[in-house]
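Colleague: Could you walk me through how helix packing and empty space are read from a model? I have the structure open and would like to follow along.

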Amino acid sequence: MGKKEKSLTRDSQDHGCYNYKMFNFFNRKFKINEVEPPDDVRAAFSEYAVDGSHMSADQLRRFLAEQQGDVDCTVSDAERIIEQVVHRRHPVTRYARHGLSIDDFFHFLFYDDLNGPITTKVHQDMTAPLSHYFIYTGHNSYLTGNQLSSDCSEVPIVKALERGVRVIELDLWPSSTKDEILVLHGRTLTTPVSLIKCLKSIKEYAFASSPYPVIITLEDHLTADLQAKVAEMVTQTFEDMLYYPESECLAEFPSPESLKNRIIISTKPPKEYLEGRGEEAFGMETPDNTAEQESDYRSDSDHEDEDFNECDRKSGQIGSPEYKRLITIHAGKPKGALKDSLEVAVDKVRRLSLSEQELEKAAASHGTHVVSFTQRNIMRIYPKGTRFDSSNYNPIIGWIHGAQMIAFNMQGYGKSLLLMHGIFRANGGCGYVRKPDLLMQKGPQNEVFDPKKAMPLRKTLKVKIYMGDGWRLDFSHTHFDTYSPPDFYTKVYILGVPADNAKKRTKIIEDDWSPVWNEEFVFSLTVPELALIRIEVREYDMSEKDDFGGQTCLPVMELMPGIRSVPLYDKKGEKLKNARLLIRFQLE
């Protein structure tokens with residue numbers, strides 16, 4: 001089970017066995033076990049395949065409708081599934097086959113592209129205002145690595161857009177000659193990239209993974225003439241793709257549906273660039289209020305104007321009118337107490353940015369005010385400035401309070417980013433996830449959802465983990481253990497409101513590349529709409545830290561019922577080619 005200290009040579013797979021060399025003296029031979037259908041799969045096949053040998057298209061349709069919740073499935077749909085399964089498993093004799101054998105049926109259930117855990121289609125209403133959605137949001141989207149010395153490039157922007165990120169952040173600074181515009185993390189050692197290169201990349205890849213709007217948040221440190229130059233570059237690059245409102249301030253945000261294939265700008269209102277402000281140093285900026293001084297050290301890119309609201313400005317304020325005209329989502333925060341900044345205006349909407357520490361304070365003292373604010377306005381949360389390594393924070397506190405833009409360092413790694421990947425697998429991975437009704441509703445006395453308030457049990461989630469397979473195709477046979485096949489176990493987490501958080505784990509299956517657990521776990525949920533299920537496979541190691549064998553994270557309310565193939569992802573969120581689990585989900 002545990003790894004030994006000595007490194008040994010790898011033997012090849014031999015006639016359905018794996019050879020593991022022990023101490024350079026003798027071999028241990030482990031047979032590769034044939035993967036067998038679990039009892040529940042056999043029972044389902046027997047129930048629906050009337051003749052007991054093959055399942056016809058109509059019988060498969062009945063199974064999909066009654067057991068897998070696919071009530072819209074037609075016989076034609078079932079025929080196409082059978083055709084695909086037979087083509088993959090029996091390419092030579094496929095024309096002579098018109099149904100699924102028990103092994104075909106089992107393999108169908110294990111094909112995640114045909115029988116995955118969630119739908120891959122956009123299925124939510126996309127006609128509500130932008131404030132009604134969680135939006136896939138990047139932080140300092142141009143950085144390739146850490147916050148202090150990494151390169152700035154258009155490459156991470158492209159990667160983010162291809163993954164489905166819908167909010168790209170660019171920090172704009174003048175060049176040393178004051179006549180060019182660069183994108184970089186201000187007052188750090190990061191190397192700049194030109195703004196035009198970033199804009200052209202955004203134009204090319206904006207809708208590579210989703211047709212829904214891309215929001216560019218601009219944090220500018222520019223003079224009025226350079227702001228005007230930005231406006232010219234933006235309008236010339238994006239042309240008809242660019243959307244901006246006719247009125248200076250919106251009374252309500254437009255919908256993702258109305259903004260399909262459009263790019264919109266969100267930024268603080270234009271002001272005169274103040275050269276060499278004394279309080280700025282090395283990417284930091286002195287906060288305006290005492291509470292921030294105690295807890296928050298923010299980079300220039302995250303420090304929004306706090307001394308005005310653009311919609312209340314006097315017309316004589318210095319700034320570029322061309323630049324100002326392009327702003328769809330106005331950003332900014334008035335001075336004063338945090339509660340005051342959460343006031344909801346009747347005739348205008350805006351974006352408010354809070355650091356992760358400020359959100360924690362707001363949630364603790366004014367949680368319902370945050371929920372109320374985010375029903376019409378947009379809230380952006382960003383990492384604290386001391387996350388120099390581009391790590392991230394727990395996004396769930398923002399989501400359960402309705403914050404739409406949880407800005408993450410997409411080039412970072414860790415469990416928090418895996419949760420971000422998970423929630424945005426919802427709704428076809430389009431980058432916009434409709435907030436649950438409970439975050440948008442108001443009671444008779446204008447009361448809103450209170451994340452602190454105890455809620456009654458509303459749903460029960462049953463998760464039965466049958467088995468796993470595919471690791472031997474994704475990893476070398478000595479990757480997990482030098483002397484024997486791996487000893488896998490699976491952990492299941494529920495993450496959401498505090499009352500719903502839970503963790504379970506299976507037993508360890510020793511020396512098996514295709515472990516069979518057949519274990520069921522039951523989770524009680526009070527707010528299932530905000531719950532995520534995170535599943536992680538580990539390989540037990542007696543002497544060292546257990547090895548990572550893959551993970552996934554999925555929104556509970558997106559789970560499709562029945563026996564499902566659940567693909568696994570690596571630590572970076574990249575899908576493993578073959579490793580997957582067979583799991584039954586029941587939400588009652």
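Colleague: At what angle do α2 and α3 pack, and how far apart are their axes?

Modeller: Happy to help. This is a predicted model, where local features need pLDDT of at least 70, side-chain atom pairs count only at pLDDT 80 or more, and totals for chains, interfaces and linings use all residues. Residues are numbered from 1 along each chain as its sequence is written, and side-chain values use heavy atoms, with hydrogens and water left out. In general, two packed helices are described by the angle between their axes and the distance between the axes. Here α2 and α3 pack at about 105°, and their axes are 8 Å apart. α2 is therefore roughly perpendicular to α3. Angles under 35 degrees count as roughly parallel, over 145 as roughly antiparallel, 65 to 115 as roughly perpendicular and the rest as oblique. Axes are lines fitted to C-alpha atoms, for helices over the stretch in contact, and angles run from 0 to 180 degrees between N-to-C directions. Helices (H or I, at least four residues) and strands (E, at least two) are DSSP runs, numbered from the N terminus.

Colleague: Which residues make the contact of α2 with α3?

Modeller: A57, D58, L60, R61 and L64 come from α2, and V75, A78, E79, I81 and I82 from α3. Contact means heavy atoms within 4.5 Å. By class, these are seven nonpolar, no polar and three charged residues. Ala, Val, Leu, Ile, Met, Phe, Trp, Tyr, Cys and Pro count as nonpolar, Asp, Glu, Lys and Arg as charged, and the others, Gly among them, as polar.

Colleague: How do the axes of α2 and α4 cross?

Modeller: Helix α2 (residues 57–66) and helix α4 (residues 102–110) have axes that come within 13 Å and cross at roughly 40°, so the two are oblique to each other. Their contact joins L60, F63 and L64 in α2 to F105, F108 and L109 in α4, with six nonpolar, no polar and no charged residues.

Colleague: And at what angle do α1 and α4 cross?

Modeller: The axes of helix α1 (residues 39–48) and α4 come within 10 Å and cross at roughly 120°, which makes α1 oblique to α4. V41, R42, A44 and F45 in α1 meet I102, F105, F106 and L109 in α4. That contact has seven nonpolar, no polar and one charged residues.

Colleague: Now for empty space: how much lies in the largest pocket?

Modeller: Rolling a probe the size of a water molecule over the atoms shows where empty space is left. The largest pocket holds about 1,400 Å³. On a 1 Å grid over the protein atoms alone, a cavity is a set of points where a 1.4 Å probe fits but cannot get out, and a pocket is an open set with protein on both sides within 12 Å along at least five of seven lines; lining residues have an atom within 4 Å of a point. Of the 42 residues lining the largest pocket, I118, T119, T120, K121 and M560 lie nearest its centre. The lining divides into 15 nonpolar, 14 polar and 13 charged residues.

Colleague: How many cavities of 30 Å³ or more does the structure hold?

Modeller: There are four of 30 Å³ or more. The second largest cavity has about 70 Å³ of space, where a volume is the space filled by probe spheres set on the points, and grid points are joined across faces, edges and corners. Its lining includes Y18, R472 and W513.
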